[in-house]
Amino acid sequence: RRSPPCTMVIFGGGGDLTRRLLIPAIYNLVGSQLLDEGFSIIAVDWSDLDTETLRSQLGETMRQFVAQRRSSASELHEADWEWLSQRISFLRGGFDDSQTYQTLSSLCGVGNCVFYLAVAARFFAPIVGQLEAAGLTRETESRFRRVVVEKPFGSDLISARALNAQLRNALEESQIYRIDHYLGKETVQNILALRFSNGFFEPLWNRQNIDHVQITAAETVGVEKRGRFYETTGALRDMVPNHIMQLLAMVAMEAPISFDADAVRDEKSKVLAAVHPITANDIVRGQYTAGSIAGRALAGYRDEPDVAPDSQAESFIAMKLSIDNWRWAGVPFYVRTGKRLALRKTEIAIHFKQAPYALFRETPVEKLTPNIMVLQIQPTEGVTMQFSAKMPGPTVKLGGVRMKFDYADWFQEGPSTGYETLIYDCLIGDATLFQRADNVEAGWKVVQPAIEAWKDGGRNAQSKLQFYAAGKAGPDAADALLARDGRHWLRLN
Ligand code: BG6
């Protein structure tokens, strides 16, 4: 069904996120015929642009964007682009200037509006304050007013709470759409489908049958041009309270009573509240030094642009988490995420317990292939299962085999950036895939003890950085974290 008519006001409309993700996603929604004739975009920014220039710049980016596609749709669909670009206009204005909001008031009129904050986090509260002061956030029977907030949502528990309070001063919770782009990924959404639309996974999904879980979000990219941002953020804040916690919640939550936004988010909240706040012993922070990936020599983190030569920011985190509830007590959730690692790979590996008894003399229990179900999030999208099977031959010998479901094999995928679902859901008022205030705060609560412990800037043992060469699977201390429990990470390379 098509979304209702709506003006989407993008603060930061001249910026990177708009160009690289929002406009391509909206273009894809046009192609899927999910937008109403009454859809339009007002891009607000202080930069020196005008509507015509912005449209032609965006057109250029869109041409490059579609050219990079491997699928058949590697040429811009001119009619779709025309449809969209005619609906884009530019408004030059400061985010803290009340005049900007006066102008928006007259441009938006009495209709539906989504205000998308594609801006640096320091503007979130001021923009929302101004929107409210100008009467732009007021909803009526016949119109909705919604605000989409990007990350980073605060920099610790206290600031996340303060930001939630500021937003709630101006808006109802139901008007706030906090984005975590991991929830836009098909494979992340598939975790719930897999668990709750099949009969045979869920009965095994508990401490009786699962030995431990490994969550990996490995990137090969370095800090790119974001040194300034990353220096005060680091891998923990950048990835863990948001993306990693969302993955963990999808895997560990109880079945919701329905797929209504609040039913799903209630269950997420419950499981996130049960995650034990991290203890210093259970976390490793790493930073990459010079190295190479696929034969390409790469600089160390401290030599990246806008990074201090003695920087204490971490580019890697490994941690052992536990969930204090009946389903998961005693099942460790090991998490690792980092930049400049050997491979780009995001996956969740569920390690099942071994068979209880060595029936096969030739293969003792400890030599059996571990039963692992891997939910592959990206770049490979699918599910694999690893188990033992009899090897052909006259004696009973067992070998490891793998069963594989590959998204690309099964489905004719439509082109997607991951933002399509999120933007469309916001337009139709479905907040299921957005984070509620309590979800965000629960994520921060888990990592808050580490943030406290690291305030000394790396001087004590707990906050000491462990180094790893670019292209490795992380620092040795990350391996030691699992070796301590007699376990090891799945190979990254
Ligand atoms: C962003 C982080 O939220 O997620 C980046 O700020 C990170 O540092 C990115 O690279 C990873 O997203 P994806 O979709 O490439 O896994």
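Where is Asp282 found? Asp282 is found in the loop between helix H9 (261-274) and strand S8 (283-289), and this residue is the subject of the first of the views below.

The views show a predicted model, in which local features need pLDDT of at least 70, side-chain atom pairs count only at pLDDT 80 or more, and totals for chains, interfaces and linings use all residues. Residues are numbered from 1 along each chain as its sequence is written, and side-chain values use heavy atoms, with hydrogens and water left out.

**View A. Surroundings of Asp282 in the loop between H9 and S8.** Helices (H or I, at least four residues) and strands (E, at least two) are DSSP runs numbered from the N terminus. Asp282 counts as buried because its relative accessibility is 17%; buried means under 20% relative accessible area, exposed over 50%, and partly exposed in between (1.4 Å probe, protein chains only). Contact means heavy atoms within 4.5 Å. Residues up to four places away in sequence not being counted, Asp282 touches Ala318, Met319, Lys320, Leu481 and Arg484.

**View B. Tyr334 in strand S12 (residues 333-338).** Tyr334 is buried, with a relative accessible area of 0%. Its C-alpha atom is separated by 4.5 Å from that of Lys320, 14 residues apart along the chain. When residues up to four places away in sequence are not counted, Tyr334 touches His212, Val213, Gln214, Ile215, Met319, Lys320, Leu481, Leu482, Asp485, Arg487 and Trp489.

**View C. Ser322 in the loop between strand S11 (316-321) and S12.** Ser322 is partly exposed, its relative accessible area being 32%. Neighbours within four places in sequence aside, Ser322 is in contact with Ala274, Val275 and His276. The C-alpha atoms of Ser322 and Ala274 are 8.4 Å apart, with these positions 48 residues apart along the chain counted as their separation.

**View D. Packing of helix H8 (residues 227-252) with helix H12 (residues 437-453).** The two axes come within 9 Å and cross at roughly 150 degrees; axes are lines fitted to C-alpha atoms, for helices over the stretch in contact, and angles run from 0 to 180 degrees between N-to-C directions. H8 and H12 are therefore roughly antiparallel to each other (angles under 35 degrees count as roughly parallel, over 145 as roughly antiparallel, 65 to 115 as roughly perpendicular and the rest as oblique). On the H8 side the contact is made by Leu236, Arg237, Val240, Pro241 and Met245, and on the H12 side by Gly443, Trp444, Val446, Val447, Ala450 and Ile451. By class, nine of these residues are nonpolar, one is polar and one is charged; Ala, Val, Leu, Ile, Met, Phe, Trp, Tyr, Cys and Pro count as nonpolar, Asp, Glu, Lys and Arg as charged, and the others, Gly among them, as polar.

**View E. Packing of helix H1 (residues 16-31) with helix H3 (residues 78-85).** The helices pack at an angle of about 115 degrees, with their axes 9 Å apart. Ile23, Ile26, Tyr27, Val30 and Gly31 in H1 meet Asp80, Trp81, Trp83 and Leu84 in H3. The contact comprises seven nonpolar residues, one polar and one charged.

**View F. Phe11 and the largest nonpolar core.** This core has 146 residues, and those with the most contacts inside it are Phe11 and Leu84. A nonpolar core is a set of buried Ala, Val, Leu, Ile, Met, Phe, Trp, Tyr and Cys residues joined through side-chain atoms within 4.5 Å. H8 provides the largest share of the core, 13 residues.
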